[in-house]
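The following note sets out several points for a colleague who is examining the coordinates. It takes helix packing, the sheet and the chain contact in turn.

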There are 2 protein chains.
Amino acid sequence: MTNEFDDVARLAEARERLQEVVASGDSETVSVGAAAGRTLAAPVRARRAVPHYERAAMDGYAVRAEDTQRAGRSPVALDVTAEDVGPRNAAQVHTGSHLPDGADAVVMVEQTRDFGDTVEVEASVTPGENVAPVGEDVDTDQHLYDTGHRLAAADLGLLRGAGYDEVEVYERPRVSVVPTGEELVPAGEEPEPGEIVETNGLSVARLVERWGGQATYREIVTDDIDALGAAIDRDTDHDIVVTTGGTSVGERDLLPAVVGERGSVEVHGLAVRPGHPAGFGVVDDTLVLMLPGYPVSCLVVATQLLRPALARAGGFDPDPIPRTPGVLERKVPSEPGMRTFARVSVEGPEADGEQATVTPTRTSGAGVLSSVTLSDGWVVVPEGSEGYEAGREVAVERWDWEP
Amino acid sequence: MTNEFDDVARLAEARERLQEVVASGDSETVSVGAAAGRTLAAPVRARRAVPHYERAAMDGYAVRAEDTQRAGRSPVALDVTAEDVGPRNAAQVHTGSHLPDGADAVVMVEQTRDFGDTVEVEASVTPGENVAPVGEDVDTDQHLYDTGHRLAAADLGLLRGAGYDEVEVYERPRVSVVPTGEELVPAGEEPEPGEIVETNGLSVARLVERWGGQATYREIVTDDIDALGAAIDRDTDHDIVVTTGGTSVGERDLLPAVVGERGSVEVHGLAVRPGHPAGFGVVDDTLVLMLPGYPVSCLVVATQLLRPALARAGGFDPDPIPRTPGVLERKVPSEPGMRTFARVSVEGPEADGEQATVTPTRTSGAGVLSSVTLSDGWVVVPEGSEGYEAGREVAVERWDWEP
């Protein structure tokens with residue numbers, strides 16, 4: 001029995017390997033109304049110009065511009081019509097309404113006087129003035145999106161305006177979440193001494209959904225080679241199997257062996273604190289991501305490996321995590337060669353121009369989940385550093401940001 | 001007919017008034033597994049300590065510390081037991097396992113030699129050493145959360161660990177989304193000249209869901225006093241009714257009158273560009289938020305008024321919108337007295353220490369939705385400014401950020 005991993009991977013290397021072993025999923029066609037947050041699986045060009053007709057850009061009167069040429073000097077009277085605009089005609093229009101045939105400009109209502117059958121125009125307009133041309137927003141066949149674009153609210157509107165009722169998107173990656181450990185009991189049971197309630201799988205299943213996947217939250221699997229193997233074999237039709245617990249090198253930590261027997265272990269041991277015992281492998285072309293059992297380690301590695309794996313399987317680049325700048329109140333220690341994720345709280349800034357105060361939490365314990373829920377974010381110390389000194393400017397990552 | 005609003009409100013004033021007219025909703029009890037993203041409607045204290053038993057913090061042997069006192073000088077042999085730890089006993093333990101009765105410390109496995117029935121201990125330990133005490137993470141009855149806390153993935157784990165299977169959360173605000181305008185046609189119909197496909201309601205319904213509400217996406221209502229009135233009356237059992245279109249002061253813009261007849265118009269005309277024609281009122285204690293018909297104005301006012309209204313009705317403070325710093329490449333003009341929301345694209349930074357380049361889009365047209373979907377975010381110029389010059393450092397708001 002040893003506490004050393006044979007070959008500890010740097011996070012960047014682990015991520016590179018992850019990109020190689022995870023493939024983009026299949027695509028499906030969904031209605032634009034149901035496509036919010038989904039990722040385009042094909043480029044999109046406009047099927048229809050927006051607008052597809054010339055429209056008034058102001059409330060006022062549609063006219064032939066040449067009829068207003070002399071209006072700059074003295075008002076010109078035009079006949080009001082409700083039909084096409086002939087010579088010396090004017091038709092009332094509202095912002096956005098169809099420019100009547102024959103008209104080529106709009107006089108703003110503020111520059112007119114209404115006499116019922118006639119209207120006096122007090123300013124001259126040039127052809128096209130106060131008219132929104134066809135395709136002002138989008139031309140027919142204009143390129144709108146590349147493959148991999150994630151559809152936000154405004155995109156749904158633009159797609160529908162440009163003639164789409166359905167779009168081709170990647171399927172949401174299917175992720176099996178398997179909590180492991182003989183010490184675990186399910187929710188609803190009162191744990192005895194030595195037992196703990198399953199929480200890692202619950203949190204990870206939520207993260208899967210939040211990051212664009214579909215989670216299958218499985219029952220607890222005990223520390224038994226056959227049971228663990230069966231749990232993995234059952235879900236190799238998923239894009240990803242995520243296990244929690246059972247990744248260390250103690251006697252009961254059987255998962256890497258079980259994965260290795262069925263396929264390959266690509267990484268076991270990560271140069272990350274907390275999160276060191278993590279790893280992943282491949283079984284039947286399915287990524288098996290082994291998250292540590294300590295809840296803080298589990299969250300760190302989920303964010304650092306599961307999130308990019310989901311993005312890869314879902315065909316998109318994940319948005320960068322929101323960051324808040326601030327100044328460290330106390331030193332964040334770090335072991336050279338390890339990438340350290342330190343929980344911090346953020347206060348202020350008190351006034352414009354001042355900086356927020358970033359205070360590392362007192363604990364670095366990987367089992368102290370409350371230190372995560374009570375903190376505001378994370379400061380990341382890279383491998384080459386022995387820590388960050390008090391007074392240093394840092395960017396706090398906010399993993400929990402909600403839209 | 002005039003294009004002037006009687007009383008144009010500054011955004012901050014409009015928001016203050018909004019806070020006064022929107023009430024927090026009712027609460028409901030949901031299972032912790034279904035509570036992700038929801039907002040606590042009551043403070044939460046731990047029902048159970050975490051851990052609720054003393055546990056080993058290392059792989060090794062549980063012992064009575066006093067038995068190891070002399071081990072610093074020469075190894076001490078202890079009898080291995082699988083039961084309670086009596087004098088001169090040692091019981092094998094794994095990280096996280098229950099500390100056996102009688103033991104008060106753990107010797108790390110690296111400081112022992114295993115001889116089967118006996119184990120040699122090569123280092124002394126003090127009482128409590130390598131033992132995680134009861135409540136190391138959370139004490140019984142410890143305050144965990146205030147009312148208004150939104151539950152992230154880690155919170156679900158902590159709640160369950162601390163003895164909760166259900167929590168009391170605010171109901172998700174119910175929002176009726178009513179697109180209005182005689183020029184609108186529903187999705188699936190080919191629009192004639194003068195007609196446009198309904199897109200604002202679709203985008204707004206998505207934003208409602210993204211911001212924690214439940215959207216009822218209604219059919220298009222034409223510009224008719226009775227039809228608009230009936231549409232509002234139908235949905236006053238919702239927390240919020242949002243209309244799109246029909247807010248300007250043209251002949252067909254009837255909504256403020258319809259709202260005023262049934263209740264009060266609190267704001268009509270907002271000192272915001274684009275978004276000027278927006279407003280809101282109250283009918284039967286329900287907020288009626290009138291969003292402009294131009295798609296860019298509609299999105300701006302939705303973000304500035306609907307998002308805080310949803311947060312208020314849902315009982316939480318919205319997270320600040322993620323911001324990216326950068327330097328303006330070109331001037332952003334702004335009219336003094338108006339708050340201007342400029343679409344921008346962001347490039348770079350090319351290298352560490354450099355700043356991103358922020359380029360305003362060429363159009364300021366409120367009808368050009370593609371300018372939103374092709375941009376990366378927004379620069380906000382406050383009311384007191386005539387615009388931002390090229391070279392200025394700005395913070396780009398990213399409204400579309402996805403977790």
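1. In this predicted model, α1(A) and α6(A) are roughly parallel to each other, because the angle between them falls under 35 degrees. Their axes, those of residues 11-21 and residues 295-314 of chain A, come within 10 Å and cross at roughly 25 degrees. The crossing of α1(A) past α6(A) is right-handed. On the side of α1(A), the contact is made by Leu11(A), Ala14(A), Arg15(A), Leu18(A) and Gln19(A); α6(A) contributes Gln304(A), Leu305(A), Pro308(A), Ala309(A) and Arg312(A). Sorted by class, this contact has six nonpolar, two polar and two charged residues.

2. A second helix pair in chain A is formed by α4 (residues 225-234) and α5 (residues 255-262), whose axes come within 10 Å and cross at roughly 55 degrees. That angle makes α4(A) oblique to α5(A). The crossing of these two helices is right-handed. From α4(A), Ile225(A), Leu228(A), Gly229(A) and Ile232(A) take part in the contact, and they meet Leu255(A), Val258(A), Val259(A) and Arg262(A) of α5(A). The residues of this contact divide into six nonpolar, one polar and one charged.

3. Turning to chain B, six strands form an open sheet of mixed pairing, in the order β16-β13-β17-β21-β20-β18. The edges are occupied by β16 (214-217) and β18 (264-268) of chain B, each with a single partner strand, so one side of each is left without a neighbour in the sheet. From one strand to the next, the twist averages 20 degrees.

4. How many bridges join β18(B) to strand β20 of chain B? There are four, and β18(B) and β20(B) (residues 279-283) run antiparallel. Within this part of the sheet, Val265(B) stands opposite Gly281(B), which belongs to β20(B).

5. Two helices of chain B should be viewed against these strands. α3(B) lies across β13 (174-179), β16, β17 (240-244) and β21 (286-291) of chain B, and runs at about 170 degrees to β13(B). α6(B) lies across β17, β20 and β21 of chain B, at about 165 degrees to β21(B).

6. Between the chains, 62 residues of chain B are in contact with 62 residues of chain A. The elements of chain B that each supply at least two residues of the side touching chain A are α2 (153-161), β15 (196-197), α3 (200-210), α6 (295-314) and α7 (370-373). The largest share of that side, eight residues, comes from α2(B). Its class composition is 28 nonpolar, 20 polar and 14 charged residues. α3(B) and α6(B) thus appear in both settings: each lies across strands of chain B, and each supplies residues to the side that touches chain A.

7. What turn lays chain B on chain A? A turn of 180 degrees, with a shift of 0.0 Å along the axis, gives an RMSD of 0.1 Å. That is the relation of a two-fold axis. In chain B, the C-alpha nearest the axis is that of Pro322(B), at 2.7 Å from it.

8. The interface residues can also be compared between the copies. Of those in chain B, 98% are also interface residues in chain A, so the copies meet through the same surface.

Note on methods. Residues are numbered from 1 along each chain as its sequence is written. Chains are lettered from A and ligands numbered from 1 in the order in which they are written. This is a predicted model: local features need pLDDT of at least 70, side-chain atom pairs count only at pLDDT 80 or more; totals for chains, interfaces and linings use all residues. Two residues are in contact if their C-beta atoms, placed from the backbone, lie within 7 Å. Ala, Val, Leu, Ile, Met, Phe, Trp, Tyr, Cys and Pro count as nonpolar, Asp, Glu, Lys and Arg as charged, and the others, Gly among them, as polar. Copies are superposed by least squares on the C-alpha atoms of residues with pLDDT of at least 70 in both. Two strands pair if DSSP finds at least two bridges between them. Axes are lines fitted to C-alpha atoms, for helices over the stretch in contact, and angles run from 0 to 180 degrees between N-to-C directions. Angles under 35 degrees count as roughly parallel, over 145 as roughly antiparallel, 65 to 115 as roughly perpendicular and the rest as oblique. A crossing is left-handed if the near helix is turned anticlockwise from the far one by less than a right angle, and right-handed if clockwise.
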